[in-house]
Amino acid sequence: MTARIREFLRQRNDDGPCLVVDLDVVRDNYQTFAKALPDTRVFYAVKANPAPEVLSLLAKLGSCFDAASVPEIEMVLAAGASADRISFGNTIKKERDIARAFALGVRLYALDCQAEAEKIARAAPGSRVFCRILSDCAGAEWPLSRKFGCEPAMAVDVLEHAHKLGLEAHGLSFHVGSQQRNPHAWDRALASAAGVFRECGERGLNLTMVNLGGGFPTKYLKNVPAVKTYGAAIFRALRRHFGNRIPETIIEPGRGMVGNAGIIEAEVVLVSKKSENDDVRWVYLDIGKFGGLAETMDESIRYPIRTPRDGGELGPCVLAGPTCDSADVLYEKQPYALPVSLEIGDKVLIEGTGAYTATYAAVGFNGFPPLKTVHI
Ligand SMILES: *Cc1c(COP(=O)(O)O)cnc(C)c1O
């Protein structure tokens, strides 16, 4: 926890869980990415934390943005970035939304099939497109499904089709899975990408860009490699597969840009057991899956939790949220070790919560308001 967050929490006296984000950490993270991948442009994945304070800070630092919807594009424009710094990176777009993005000045679009190329050609004529290819997400703690991307062999046809429709076949993208703890995960995807570049070249299409996606991790309970280790591994993979003809590259960090900048302060509402001789206690917090901790789904992301009683004896706990939905349990299959002296009313700190929390909070399930957020 940073000194600024500690000081803010010391003075805070309103009720309910609250996410506090330290913008200095976001600034450091941006600079770390810029330094680790010096020839790569950064397109911040807006969905990770679209707070105006984060967007305007990154706009000032020179970042570009990966937006997934027209409202995200509008938020980026409102934060002071021009439309030429925005990529409409969602492969699933209504044609009306493509037309609105085009009217707002966006000229860079993702796609993964011919039908989407046709929409873009009609609604955003002459724009640049990049085709997303499938990548296996081995090593990722939050793997992505086959929802986005196509097989590399199909990407060649998609890009050729886009070209025939008057679009500019700009390049490829992939995402190696979020919270990717293996810096070498980009190697295989870059091998496929180089194959698509060659195939396209043979058909007279000159691709120039590879979008390396996100996936850069935040430290939760386990340590993760430094960003510069990722930068070095990616550069070596580019050399290996593209030789002296390294394409223009971009990255789209989300979690890695903001995750470690945020902490949620929450409160213990109840500590109980299901029977007198149960070893496992149930600890209920005033935040759960519907209050912003959606990434505990399948217990994928395990957040570090600090309590005022750390240092004492630990015991296994099932951790749950405050709502009346029985799915609102954070960790149960793998119980969470917390101090046995933990009590009702204790404040706990949930670390690494700057990404994928506040905007996941429900608007008012069970009457609980969405997560409060403060950016300092
Ligand atoms: C969500 C997303 C990202 C960010 O992923 P992280 O793992 O949070 O870095 C990047 N690119 C695209 C297309 C995304 O959808």
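This report walks through the two domains of a predicted protein model, the contact between them, and a few single residues.

The model is predicted, so local features need pLDDT of at least 70 and side-chain atom pairs count only at pLDDT 80 or more, while totals for chains, interfaces and linings use all residues. Residues are numbered from 1 along each chain as its sequence is written, and side-chain values use heavy atoms, with hydrogens and water left out.

## Two domains and their contact

Let us start with the overall layout. The protein chain is divided into domain 1 (23–258) and domain 2 (260–375), with bounds that come from an automatic or database domain assignment. Taken over C-alpha atoms, the centres of the two domains are 33 Å apart. Their contact, meaning heavy atoms within 4.5 Å, takes 21 residues from domain 1 and 19 residues from domain 2.

Domain 1 and domain 2 bury about 1,800 Å² between them, with 60% of it on carbon and sulfur atoms. Buried area here is the accessible area (1.4 Å probe) that two parts lose on being put together, summed over both. W142, Y220 and L221 supply 35% of the area that domain 1 buries against domain 2, more than any other three residues.

Across this interface the rule finds 1 salt bridge, defined as a side-chain nitrogen of Lys or Arg within 4 Å of a carboxyl oxygen of Asp or Glu. R255 forms a salt bridge with E295, and their closest N and O atoms are 2.8 Å apart.

Between the domains, 7 residue pairs are in polar contact, both residues being at pLDDT 80 or more. A polar contact is a pair of N or O atoms within 3.5 Å; within protein, one must be able to donate a hydrogen and the other to accept it, and residues adjacent in sequence count only if both atoms are side-chain atoms.

Which elements each supply at least two residues of the side of domain 1 that touches domain 2? They are α2 (23–36), α3 (52–61), β7 (140–142), β9 (178–180) and α10 (255–258). Of these, α2 gives the most, with 4 residues. Helices (H or I, at least four residues) and strands (E, at least two) are DSSP runs, numbered from the N terminus.

## Four loop residues

Now for some single residues. In the table, buried means under 20% relative accessible area, exposed over 50%, and partly exposed in between (1.4 Å probe, protein chains only).

| Residue | Loop | Relative accessible area |
|---|---|---|
| T91 | between β4 (86–88) and α5 (95–103) | 3%, buried |
| D298 | between β13 (281–285) and β14 (305–306) | 63%, exposed |
| R302 | between β13 and β14 | 16%, buried |
| Y356 | between β17 (347–351) and β18 (372–375) | 9%, buried |

Not counting residues up to four places away in sequence, T91 touches A110, L111, D112, E116, R132 and F148.

With the same exclusion, R302 touches Y220, L221, Y331, Q334, P335 and Y336. A polar atom of the R302 side chain lies 3.0 Å from the backbone oxygen of Q334, and one lies 3.2 Å from the backbone oxygen of P335. The C-alpha atoms of R302 and G16 are separated by 21 Å, with their positions 286 residues apart along the chain.

Backbone angles give one more thing to look at. Most residues other than glycine have a negative phi. D298, which is not a glycine, has a positive phi of about 60°. Y356 also has a positive phi, near 55°.
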